[in-house]
Amino acid sequence: MPPGRLILAATPLGDVRDASPRLAEALAEADVIAAEDTRRLRGLTAALGVTPRGRVVSFYEDVETARLPKLLESLRGGESVVLVTDAGMPSVSDPGFRLVAACVAEDLPVTCLPGPSAVTTALALSGLPCDRFCFEGFAPRKPGERSKWLLSLRNEPRTAVFFESPHRLASTLADAASALGGSRQAAVCRELTKTYEEVKRGTLSSLAEWAADGVRGEITVVLSGAEPRSVSVADLVGEVSERVASGERLKSAAAEVAEAAGVSKKELYDAVLASRVK
């Protein structure tokens, strides 16, 4: 018997009319639907006028690993498995990666029903350069880790996209303004495709001030890349020292900063050591 197929299915971010006919068909015909939230799935299928014929199982972060054996068994037995998350594309800061990796390891077929993604939607709406970009997932929750992460973006030339919770947005934007410069351009995209969609564009300083009054909803932040600059090893010593002070190892901090700036790792490492004995 040929194996079944894992289908990664993108779901609407908010407006159910963004669902594709292929998504409705896949949900109706799948042998198994693995859903991040089964209640959200029921709401989606009802809105689409779809009655799933297959089994529905929960597949959220805390049970992802435990669910893998049964789902792989279903796929080996020739069943089709559709994976959906609450909104957007599975595996992109959502459950799915472990299942895809397990299927790849066993050479089980995997395909994708493309559709909505908060990452590319926010990028397109931001008004910032999008010919090259990087996705950073969720901003770190702990202040020390967040500071280290922001410093790693100081010299990143690509536009960066990341997710943040509404109650941490103001502090993250304030930290970003401090680490990257208050004049760095950014866009905060809130409730994409939903009734109260809002895109706020401006400098990090102005956005941090706006967010201080409180923001609600699903948040995606788009951050402009760093302007090209000519730097010397001496210019980078302070940046490495800041990262070390936040808890990073000197060797790794020097290596990452040197690589981003295009200077010698050894020269920068030696320069930081020399600065400590002055």
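**Helix α1**

I looked up which residues of helix α1 (residues 21-29) are buried in this predicted model. I found Leu-23, Ala-24, Ala-26 and Leu-27. They cover an arc of only 165 degrees around the axis, so I place them on the same side of α1. Next I asked what these buried residues pack against. My list holds the strands β1 (6-9), β2 (32-35), β4 (81-84) and β5 (110-113), together with helix α2 (38-48).

**Strand β1**

I then turned to β1, one of the elements that the buried residues of α1 pack against. I checked which way its side chains point. Leu-6 and Leu-8 point one way, Ile-7 and Ala-9 point the other way, and I noted all of them as buried. For the pairing of β1 I have two entries. With β4, β1 runs parallel and is joined by three bridges; Leu-8 has Leu-83 as its bridge partner there. With β5, β1 also runs parallel, and here I noted four bridges. The bridge partner of Ala-9 in β5 is Leu-113.

**Aromatic pairs**

I searched the whole structure for aromatic pairs and got three. I wrote down two of them in detail.

For Phe-135 and Phe-163, the ring centres are 5.2 Å apart and the planes stand at 65 degrees; an angle over 60 counts as edge-to-face, so I entered the pair as such. Phe-135 belongs to strand β6 (residues 133-138) and Phe-163 to strand β7 (residues 159-164), so this pair ties together parts that are 28 residues apart in sequence. Are the two rings' residues buried or exposed? Phe-135 is partly exposed, at a relative accessible area of 30%, while Phe-163 is buried, at 11%.

For Phe-138 and Phe-163, I noted centres 5.3 Å apart and planes at 65 degrees, so this pair is edge-to-face. Phe-138 lies in strand β6 and Phe-163 in strand β7, so the pair ties together parts 25 residues apart in sequence. I therefore keep Phe-135, Phe-138 and Phe-163 under one heading, as they form one aromatic cluster.

**Arg-243**

Last, I looked up Arg-243, which lies in helix α9 (residues 233-245). Is this arginine buried or exposed? Its relative accessibility is 2%, and buried means under 20%, so Arg-243 counts as buried. I then asked which residues Arg-243 is in contact with, leaving aside its neighbours within four places in sequence. I listed Leu-151, Ser-152, Glu-248, Ala-253, Glu-256 and Val-257.

Notes:
Residues are numbered from 1 along each chain as its sequence is written. This is a predicted model: local features need pLDDT of at least 70, side-chain atom pairs count only at pLDDT 80 or more; totals for chains, interfaces and linings use all residues. Side-chain values use heavy atoms; hydrogens and water are left out. Buried means under 20% relative accessible area, exposed over 50%, partly exposed in between (1.4 Å probe, protein chains only). The arc is that of the directions from the helix axis to the C-beta atoms. Contact means heavy atoms within 4.5 Å. Rings of Phe, Tyr and Trp (its six-membered ring) pair if their centres lie within 6.5 Å; planes under 30 degrees apart count as stacked, over 60 as edge-to-face and the rest as tilted. Two strands pair if DSSP finds at least two bridges between them.
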